[in-house]
Amino acid sequence: MSLEVGAIVEGEVTGITNFGAFVQLPEGKVGLIHISEVSNVYVKDVHDFLKEHDKVKVKVLSIDERGKIGLSIKQLTPPPAAPAPQPKPQRPQNENRERRVGVRVQNTRPVSPLTFEDKLSKFLKDSDDRMLDLKRNTESKRGGRGARRER
């Protein structure tokens, strides 16, 4: 039986490195399970998932022209079930904006949908106001607009 891409075979782990595990396959061939193909969860250390002489079932991912065989355990295991989305907690309605102990209440306006142009013009106006304030503060500290000192 020759190995081909997509085949599922059983082998024995012969060596573990920091980037994956080597597996002895039938017919005396050796393939590599890259660390990213060991498990569906994050793998920091391959030793946490595999030990030498473990029997593993692997899927052949690739065979290159030099005979290197890429293997995967991850593709044979079902993906972990996605956690059910948690409903967002309902915040109490604060109709009259009264202060409660330990809670900062902001006086907010109802949000109206603004167009991009409205947002841009508001940003430019706020930016101009800030620049004007900044210029006033720095000019007063320098002694005015370009006024030269009298000797």
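# Reasoning about Ser72, Phe116 and the core

Student: What lies 3.0 Å from a polar atom of the side chain of Ser72?

Tutor: In this predicted model, the backbone nitrogen of Gln75 lies 3.0 Å from a polar atom of the Ser72 side chain. The cut-off for a polar contact is 3.5 Å between N or O atoms, with one able to donate a hydrogen and the other to accept it.

Student: Which side chain makes a polar contact with the side chain of Ser72, and how do you know that the distance fits the term?

Tutor: The partner is the side chain of Glu37, at 2.6 Å. Since a polar contact must be within 3.5 Å, the value of 2.6 Å satisfies that limit.

Student: Why is Ser72 called buried?

Tutor: Ser72, whose place is in strand E5, has a relative accessibility of 0%. Buried means under 20%, so Ser72 counts as buried. Leaving aside its neighbours within four places in sequence, Ser72 is in contact with Ile33, Glu37, Val58, Lys59 and Leu61.

Student: Why is Phe116 called exposed?

Tutor: The relative accessible area of Phe116 is 60%, and exposed means over 50%, so Phe116 meets the condition. Phe116 lies in helix H1, which covers residues 116-142.

Student: What makes Phe116, Leu120, Phe123 and Leu124 a nonpolar patch?

Tutor: For such a patch, each residue needs over 30% relative accessible area and no salt bridge, and the nonpolar side chains must be joined within 5 Å. Phe116, with its 60%, passes the 30% limit, and together with Leu120, Phe123 and Leu124 it forms a patch on the surface with about 430 Å² of accessible area.

Student: Which residues touch the most other members of the largest nonpolar core?

Tutor: Of its 20 residues, Leu25, Leu50, Val58 and Leu71 touch the most other members. The elements that give two or more residues to this core are strand E1 (8-17), strand E2 (20-24), strand E4 (55-63) and strand E5 (69-72). In soluble globular proteins, nonpolar side chains tend to be buried together.

Student: With which residues is Leu71 in contact, leaving aside its neighbours within four places in sequence?

Tutor: The contacts of Leu71 include Val23, Leu25, Ile33, Val58 and Leu61.

Student: What pattern does the protein follow along the sequence, and how many of its 151 residues, as a percentage, count as buried?

Tutor: The pattern is β-β-β-β-β-α, in agreement with 1 helix and 5 strands, and 20% of the 151 residues count as buried.

Note on methods:
Residues are numbered from 1 along each chain as its sequence is written. This is a predicted model: local features need pLDDT of at least 70, side-chain atom pairs count only at pLDDT 80 or more; totals for chains, interfaces and linings use all residues. Side-chain values use heavy atoms; hydrogens and water are left out. Helices (H or I, at least four residues) and strands (E, at least two) are DSSP runs, numbered from the N terminus. Buried means under 20% relative accessible area, exposed over 50%, partly exposed in between (1.4 Å probe, protein chains only). Patches are made of residues with over 30% relative accessible area and no salt bridge: like charges are joined within 9 Å, nonpolar side chains (Val, Leu, Ile, Met, Phe, Trp, Tyr) within 5 Å. Accessible areas come from the Shrake-Rupley method with a 1.4 Å probe; for residues, only the protein chains shown count as cover. A salt bridge is a side-chain nitrogen of Lys or Arg within 4 Å of a carboxyl oxygen of Asp or Glu. A nonpolar core is a set of buried Ala, Val, Leu, Ile, Met, Phe, Trp, Tyr and Cys residues joined through side-chain atoms within 4.5 Å. Contact means heavy atoms within 4.5 Å.
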